[in-house]
Amino acid sequence: MTAAKKRILALNAFEGGAGLDRDVEELVRRRKATFGASSVLFYEQPLHIVKAEGCYIHTADGRAYLDLYNNVPSVGHCHPRVVAAVSAQLGQFNTHSRYLYDNIHDYAEQLLATFPAGLSNIVFTCTGSESNDFALRLARLASGGDGFVVTRTAYHGNTTAVTDVSPSSAVSGRVAPHVRIVEAPGSAVYGDDIATGFAAAVSTAIADLKDKGIGFAGLLVDTIFSSDGVFADPAGFLAPAVAAAHAAGGLFIADEVQPGFGRTGGGMWGFARHGVTPDVVTMGKPMGNGYPLAGVVTRPDLLQHLCDEYGYFNTFGASPVAAAAGLAVLAVLRDEGLIDHAARVGGLLKQRLAALRGTVPGIGEVRGAGLYLGLDIVDRNDGTTPDGASASRVINALKRDGVLIGAAGPYGHTLKIRPPLCLTLDDADRFVDILTRIGTGG
């Protein structure tokens, strides 16, 4: 069996077809008419959503779905504290950051307090794409180079510059001349010594850039390697690669859009599991629990350099309403103990999923940390070959049984498990029980 690679927008994508419910069919028609070729939907039968709360999404037909996919509402869909904070601020005033108001400074100070001491400045944006675009500019100016090293199936956003460092987005497989690709940090590629192997790959990529006359600007990774298929362990493996990047005169950019804000259960930030301090940290989706809020944290010297050259201003990124959303998320993480909760529930869920290997044909390796897990679906006969087609069947079968889940990895064969951090043990058990029952067969 030969595994076929897929680009990120093809994972679990709706591709049309008969048998849609009437209301869904009409909404799909309207979507295609207005969105055109940019329309992207999930599942064989897309969902018509009418409300959500906690870890559940409700559709127009009256069904409730356990949401194991959405890290955007990180503390839970429509969390009442976030809703109340945003609504109250909208009712008071909302404007941009060229005025003084208290809550954006309260938020900046509280958020920066969660970072290593040297990372003491923050720039607010609206999306992770904007944040990563800004980070690339910082790295280029600081290093004097243009070259970046990323992983094989990385995804870092949608701007022109960030798409160049997001190989999983390219339909053609073309790699920009200033970008070098290394394989994701898994044992299948690097054996038992992932740290040494991954660092050597990064060093080789940097050397190739320099051989081609391209100065090295930075190593950019999502610190849980989510689009690559979720690679979290062993903790600390990233440190030698970061050291290699610094030795070559480049920056280390930690993309925390996926693992940040406590998702790994080991603290606020994924990079902390590896004992490293980034030069630049980028954030996005879970920062505002669905409100468009993102940011870049860095050292003052790096930010000063960029502002001396260009300056920077973001109309909506540092608005009072954005700050209200961000402050509410921090408060919920703290007051509900969600980081420790992610470690406990995620650890037990990982154990249960690992126990399926060898008992449910087609279930492969489980990887990850906290409430970000990846579970491989593999060929039922050889037990190793990635099986994206079966993964797609599993995802849609789970959806029919009321569980929403996504896909990751170069072949779309990894079930991407990243629920809101309020997931309960009962709901985690429900998912495993359903997965066990439906299996991976055709």
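Is the crossing of α3 and α10 left-handed or right-handed? It's left-handed. Keep in mind that this is a predicted model.

**Helix α10 and its two partners**

Let's stay with that pair for a moment. The axes of α3 (residues 102-112) and α10 come within 8 Å, with a crossing angle of roughly 40°. That angle makes α3 oblique to α10. On the α3 side, the contact is made by N103, I104, D106, Y107, Q110 and L111. Facing them on α10 are P320, A323, A324, G326, L327 and L330. Sort these residues by class and you get 8 nonpolar, 3 polar and 1 charged.

Helix α10 (residues 320-335) also packs with α2 (residues 80-92), and here the axes come within 8 Å and cross at roughly 155°. Angles over 145 degrees count as roughly antiparallel, so α2 is roughly antiparallel to α10. This crossing is right-handed. From α2, the contact takes in R81, V82, A85, V86, Q89 and L90. From α10 come P320, V321, A324, A325, A328, V329, A331, V332 and D335. The class split for α2 with α10 is 12 nonpolar, 1 polar and 2 charged.

If you're comparing the two lists, P320 and A324 are worth finding on screen: both of these α10 residues take part in the contact with α3, and both turn up in the contact with α2.

**Helices α12 and α13**

Further along the chain, α12 (residues 388-400) and α13 (residues 425-438) have axes that come within 10 Å and cross at roughly 120°. That puts α12 oblique to α13, and the crossing is right-handed. V394, A397 and L398 supply the α12 side of the contact, while F431, I434, L435 and I438 supply the α13 side. By class, there are 7 nonpolar residues here, with no polar and no charged ones.

**What about the cysteines?**

How many disulfides does the count come to? It comes to 0. A disulfide needs the two sulfur atoms within 2.5 Å. For C126, the closest cysteine sulfur is the one in C307, and it sits 17 Å away, too far for a bond. Looking from the other end, C307 is in no disulfide either, with the sulfur of C126 as its nearest at 17 Å.

The two cysteines also fall into separate burial classes: C126 counts as buried, whereas C307 counts as partly exposed.

**Two loop threonines**

T264 is in the loop between β8 (251-255) and β9 (280-283). Leaving out residues up to four places away in sequence, T264 touches I224, P259, G270, R273, A369 and G370. This threonine is buried.

T359 belongs to the loop between α11 (338-354) and β11 (363-369). Is T359 buried or exposed? T359 counts as exposed, because its relative accessibility is 56% and the exposed class is over 50%. The C-alpha atoms of T359 and M287 are 39 Å apart, with the two positions 72 residues apart along the chain.

Here are the accessibility values for the cysteines and threonines side by side:

| Residue | Relative accessibility | Class |
|---|---|---|
| C126 | 18% | buried |
| C307 | 34% | partly exposed |
| T264 | 7% | buried |
| T359 | 56% | exposed |

How values were computed: Residues numbered from 1 in each chain as written. Predicted model: local features only at pLDDT ≥ 70, side-chain atom pairs only at ≥ 80, totals over all residues. Heavy atoms only, no water. Axes fitted to C-alpha atoms, helices over the stretch in contact; angles between N-to-C directions. Helix = DSSP H or I, 4+ residues; strand = E, 2+ residues; numbered from the N terminus. Parallel < 35°, antiparallel > 145°, perpendicular 65-115°, else oblique. Left-handed = near helix turned anticlockwise from the far one by under 90°. Contact = heavy atoms within 4.5 Å. Nonpolar A, V, L, I, M, F, W, Y, C, P; charged D, E, K, R; others polar. Buried < 20%, exposed > 50% of the residue type's maximum accessible area, 1.4 Å probe, protein only.
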